[in-house]
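Here's a short set of exercises to work through with the model open in your viewer. Try each task before you read its solution.

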Amino acid sequence: MQTEHTDQVRRHYLPAVFDDRAITILLVGCGGNGAQMLMGLAALDTALRAISSRSLDVTVVDDDIVTEANLGRQPFYRCDIGHSKARTLTERINLAHGLAWEAVHGRAPEAIGIDGFDMLISCVDTAVARRALGTALQTSRKPPVYWMDLGNRAGDGQYLIGCPRRTSHSDRPRFPTVLEVFPELADESVAEDDAPSCSVAEALERQSLFVNRVVASHALALLFDLLGRGSIGHAGAFINLASGQTVPIPLPFANGASLEAAAGHANISHS
């Protein structure tokens, strides 16, 4: 990985090892953000095949099933109720795009290991789930090169891409992951509200109808720049639907103050 170390221009460049092959992605979560990401990754795969020698090989894992409360905000239909989210959407995408992506009905990292994937994308609801992924990365023999995390609240959210620490490359410059940028996620004493919604109306009270599409679209745009054009100039962003603000997260993080300033300016926090 190459990173420019000037105050004026900071860019991260895709390593040459990703050229001329399929990039393997483990997508954890196929709910609000995850389902939107999965559909967008299918479009990204089509674009990469057209403009480069790269493609995507995606495995999605989720232990949830489709409920009535998911209709509207998530890309499922009434006929999907009671079926596995991961399998339902992956099968639909494979049929539509002629792909052979895999789906695992279970919870990561227990149901599937993270070793060997090029990129981990987490679209999970709780800090507990992120901590489990972080622990798996620490003990992984071959962790992913990238970890992108998406999160949101009722009307705001954020996405962030980082590079997990690799023991064999500990001296190389890298940019931090979500657990390093938001260390409070590691605090097990913080209570979480992960109670499921029972109806579409209740779900819309808890989250804006299009917040997941907005956050996922921004994250996918960053991935297109990285995988399709070869570099990125920021590591993610804070997005506030109510104010219409999008505040980029700088790359690399010069210090904690710069991140705090961005979060404060956007008037949102991680979730």
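**Exercise 1. Find the polar partners of Asn152 and say how accessible Asn152 is.**

Step 1. Start from the side chain of Asn152: its polar contact with the side chain of Asn212 is 3.2 Å. A polar contact here is a pair of N or O atoms within 3.5 Å; within protein, one must be able to donate a hydrogen and the other to accept it, and residues adjacent in sequence count only if both atoms are side-chain atoms.

Step 2. Look for another partner: the side chains of Asn152 and Asn33 are joined by a polar contact of 2.9 Å.

Step 3. Place the residue: Asn152 sits in strand 7. Helices (H or I, at least four residues) and strands (E, at least two) are DSSP runs, numbered from the N terminus.

Step 4. Check accessibility: at 15% relative accessibility, Asn152 is buried. Buried means under 20% relative accessible area, exposed over 50%, and partly exposed in between (1.4 Å probe, protein chains only).

A note on the ground rules: this is a predicted model, so local features need pLDDT of at least 70 and side-chain atom pairs count only at pLDDT 80 or more, while totals for chains, interfaces and linings use all residues. Residues are numbered from 1 along each chain as its sequence is written, and side-chain values use heavy atoms, with hydrogens and water left out.

**Exercise 2. Work out the surroundings of Asp149.**

Step 1. Asp149 is another residue to find in strand 7, and at 2% relative accessibility it counts as buried.

Step 2. Its side chain makes a 2.6 Å polar contact with the side chain of Ser122.

Step 3. Now widen the net to contacts (heavy atoms within 4.5 Å). Skipping neighbours within four places in sequence, Asp149 touches Ser122, Arg130, Gln158, Tyr159, Leu160 and Val178.

**Exercise 3. Classify the aromatic pairs.**

Step 1. Set the rule: rings of Phe, Tyr and Trp (its six-membered ring) pair if their centres lie within 6.5 Å; planes under 30 degrees apart count as stacked, over 60 as edge-to-face and the rest as tilted. The structure has 2 such pairs.

Step 2. Phe18 and Tyr146 have ring centres 6.0 Å apart and planes at 35°, so call this pair tilted. Phe18 is in the loop between strand 2 (12-13) and strand 3 (22-28), while Tyr146 is in strand 7 (residues 146-152), so the pair ties together parts that are 128 residues apart in sequence. Both Phe18 and Tyr146 are buried.

Step 3. Phe182 and Phe238 have ring centres 6.4 Å apart and planes at 70°, so this pair is edge-to-face. Phe182 belongs to the loop between helix 4 (178-181) and helix 5 (200-206) and Phe238 to strand 10 (residues 234-240), 56 residues apart. Phe182 and Phe238 are buried too.

**Exercise 4. How many disulfides are there, and how far is the sulfur of Cys30 from the closest cysteine sulfur?**

Step 1. Apply the cut-off, a pair of cysteine sulfur atoms within 2.5 Å: the count is 0.

Step 2. For Cys30, the closest cysteine sulfur is in Cys123, 8.9 Å away, which is too far for a bond.

Step 3. Compare accessibilities: Cys30 is buried at 0%, whereas Cys79 is exposed at 60%.

**Exercise 5. Describe helix 2 from end to end.**

Step 1. Helix 2 (residues 85-97) has 13 residues and spans 18 Å from its first C-alpha to its last, close to the expected 18 Å. That expected span is 1.5 Å times one less than the number of residues.

Step 2. At its start, a side-chain oxygen of Ser84 comes within 3.5 Å of the backbone nitrogen of Ala86. Just after the helix, Gly98 has a positive phi of about 70°.

Step 3. Its buried residues include Leu89 and Ile93, and the elements covering the buried residues include helix 1 (32-51), strand 4 (55-62) and strand 5 (102-105).

**Exercise 6. Spot the backbone oddities.**

Step 1. Check omega: the peptide bond joining Ala108 and Pro109 is cis, with omega about 5°. Pro109 is in the loop between strand 5 and strand 6 (119-122).

Step 2. Check phi: Asp20 isn't a glycine, yet its phi is positive, about 60°. Asp20 lies in the loop between strand 2 and strand 3, and it's exposed, with a relative accessible area of 60%.
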